[in-house]
Amino acid sequence: MSADRIRIGFIPLCDAAALIVAADKGFCAQEGLDVELVREVSWSNVRDKLNIGHFDAAHLLAPVAIASSLGLGHFKIPIIAPFNLGINGNAITVSPALHRALVAEGGEGITDPLKSAQALARIAKRRREKGEEPLTFGMTFPYSTHNYHLRFWMAAGGIDPDEDVRLVVLPPPYMVDSLASGHVDGFCVGAPWNSVAVDRGIGYILHFVSDILASAAEKVLAMRQRWADDHPDTVAALLRAHHRAAEFIEDSANLEEVCEIMAAPNRFDVSADVIRRTFDGRLKVAPDGTTRASDRYILIGRDGAARPNPIHAAWLYAQMVRWRQAPLSAELLAEAKAVFRPDIYDAVLGAPTAPAKSEPVDGVGGFAGPRFDDSDLAKYLLAWQKTGA
């Protein structure tokens, strides 16, 4: 395979938009790239095919890129992420039965993630005291933002995610059917699958992840370090094509075209209206048509979202340590941060002249707990322990 002909794996999620638009609008071709997008079902498939070279690049969960580079849960394969495909974009969706229980427990206050987590903790405690099965929540991968977002939210309310509830791994396209069948009581997944559950009348969107973290690195354009080193011109062309695609997506004049491109059978095969709501940031959150809006629901290219931020990598590594997936060490923290490559982004696309005004002071903006500080992760993690969560 020549350097200019590449295979890129993706999962049908809205933060694959830049990949799909770059290929289908011809932006990659205009950079001299012959790109084949390969639709996959699970993150383990994407990871494994990237690691062994079946894919040259991939739409990848940000923490999977870090875990692969650190040798956590699989082979150690150094991965770099010179381009962010999405900031935020996840949501927590629950079944009608769990939603009713949460409303009965916490009333209208459950729109506040701290209040909803506390209400969930009381429900989980009663189930445990009665000897009932624990509530089950779906997430997409052990090393996933979805896992960490659920845990961060639950722990703030006093839940031990490893003891008080059950977390199970499900591929994103299978989340809705698993909720419909009663196999899970809720899930955290990226768009458009939360909206699909609401449209089918089987789910309520409880929280946008932008309610949990103001700025959460979600998916990255990932590639093996060795491949990137061997093909610097191809990497630069990929960044230029996807930067152009991200700008195209964020231009509201292009919204209808973007939604039609992504809704195609070989891409998502879902209603264009579901995708439109995602990019509008105005989602139907209940089967009765109730809507909520957030201008930070998903960021593709605006506010510097496409530029990798090593602080996001540090936060993800901190969650790996917190949930006993990785040991704490300065060396591993440095390796984790080095996965995100703003230096490559800046060399190709130019460094930002000023930080985005909308970004949180600590780069993350968690709704609860101490301000994130990667200069002393031990202190940060100890502060969470002292909260009892």
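## A buried ring: Phe27

Phe27 is buried, with a relative accessible area of 5%. The value comes from a predicted model. Under 20% counts as buried, so Phe27 falls in that class at 5%.

Phe27 also takes part in a ring pair. A pair of aromatic rings is described by the distance of the centres and the angle of the planes. In this model the count of aromatic pairs comes to eight. One of them joins Phe27 and Phe248. Their ring centres are 5.9 Å apart and their planes stand at 70°, so this pair is edge-to-face. The cut-off for that class is over 60 degrees.

The partner, Phe248, is buried too, with a relative accessible area of 14%. Phe27 sits in helix H2 (residues 27-30) and Phe248 in helix H12. The pair therefore ties together parts that are 221 residues apart in sequence.

## Helix H12 meets helix H1

Two packed helices are described by the angle between their axes and the distance between the axes. Helix H12 spans residues 232-250, and helix H1 spans residues 17-24. They pack at an angle of about 105°. Their axes lie 8 Å apart. H1 and H12 are therefore roughly perpendicular to each other.

Which residues make the contact? From H1 come Ala17, Ala18, Leu19, Val21 and Ala22. From H12 come Ala241, His242, Ala245, Ala246, Phe248 and Ile249. Ten residues of this contact are nonpolar, one is polar and none is charged. Phe248 thus appears again: it belongs to the H12 side of this contact, and its ring pairs with that of Phe27.

## The sheet of five strands

One open sheet has five strands, in the order S7-S6-S8-S5-S9. Its pairing is mixed. Strand S7 (166-169) and strand S9 (204-208) stand at the edges. Each has a single partner strand, so one side of each is left without a neighbour in the sheet. Direction ignored, neighbouring strands here are turned by 25° against each other on average.

What joins S6 to S7? Four bridges do, and the two strands run parallel. Strand S6 covers residues 136-139. Within this pairing, Phe137 has Leu167 of S7 as its bridge partner.

## Phe137 and its ring partner

Phe137 is buried, with a relative accessible area of 0%. Its ring pairs with that of Trp153. The centres are 6.5 Å apart and the planes stand at 75°, so the pair is edge-to-face. Phe137 lies in strand S6, while Trp153 lies in helix H7 (residues 145-156). The pair therefore ties together parts that are 16 residues apart in sequence. Trp153 is buried, with a relative accessible area of 0%.

Elsewhere in the model, ring pairs link Phe152, Trp315, Phe367 and Trp384 into a cluster.

## The sheet of six strands

Another open sheet has six strands and mixed pairing. The order is S2-S1-S3-S10-S4-S13. Its edge strands are strand S2 (34-39) and strand S13 (298-299), and each pairs on one side only.

Strand S3 (residues 57-61) and strand S10 (residues 217-224) are joined by five bridges. Are they parallel or antiparallel? They pair in the antiparallel sense. Ala58 has Ala222 of S10 as its bridge partner.

A helix lies across part of this sheet. Helix H3 (residues 43-51) crosses S3, strand S4 (79-88) and S10. H3 runs at about 140° to S3.

Technical notes
Residues are numbered from 1 along each chain as its sequence is written. This is a predicted model: local features need pLDDT of at least 70, side-chain atom pairs count only at pLDDT 80 or more; totals for chains, interfaces and linings use all residues. Side-chain values use heavy atoms; hydrogens and water are left out. Axes are lines fitted to C-alpha atoms, for helices over the stretch in contact, and angles run from 0 to 180 degrees between N-to-C directions. Angles under 35 degrees count as roughly parallel, over 145 as roughly antiparallel, 65 to 115 as roughly perpendicular and the rest as oblique. Contact means heavy atoms within 4.5 Å. Ala, Val, Leu, Ile, Met, Phe, Trp, Tyr, Cys and Pro count as nonpolar, Asp, Glu, Lys and Arg as charged, and the others, Gly among them, as polar. Two strands pair if DSSP finds at least two bridges between them. Rings of Phe, Tyr and Trp (its six-membered ring) pair if their centres lie within 6.5 Å; planes under 30 degrees apart count as stacked, over 60 as edge-to-face and the rest as tilted. Buried means under 20% relative accessible area, exposed over 50%, partly exposed in between (1.4 Å probe, protein chains only).
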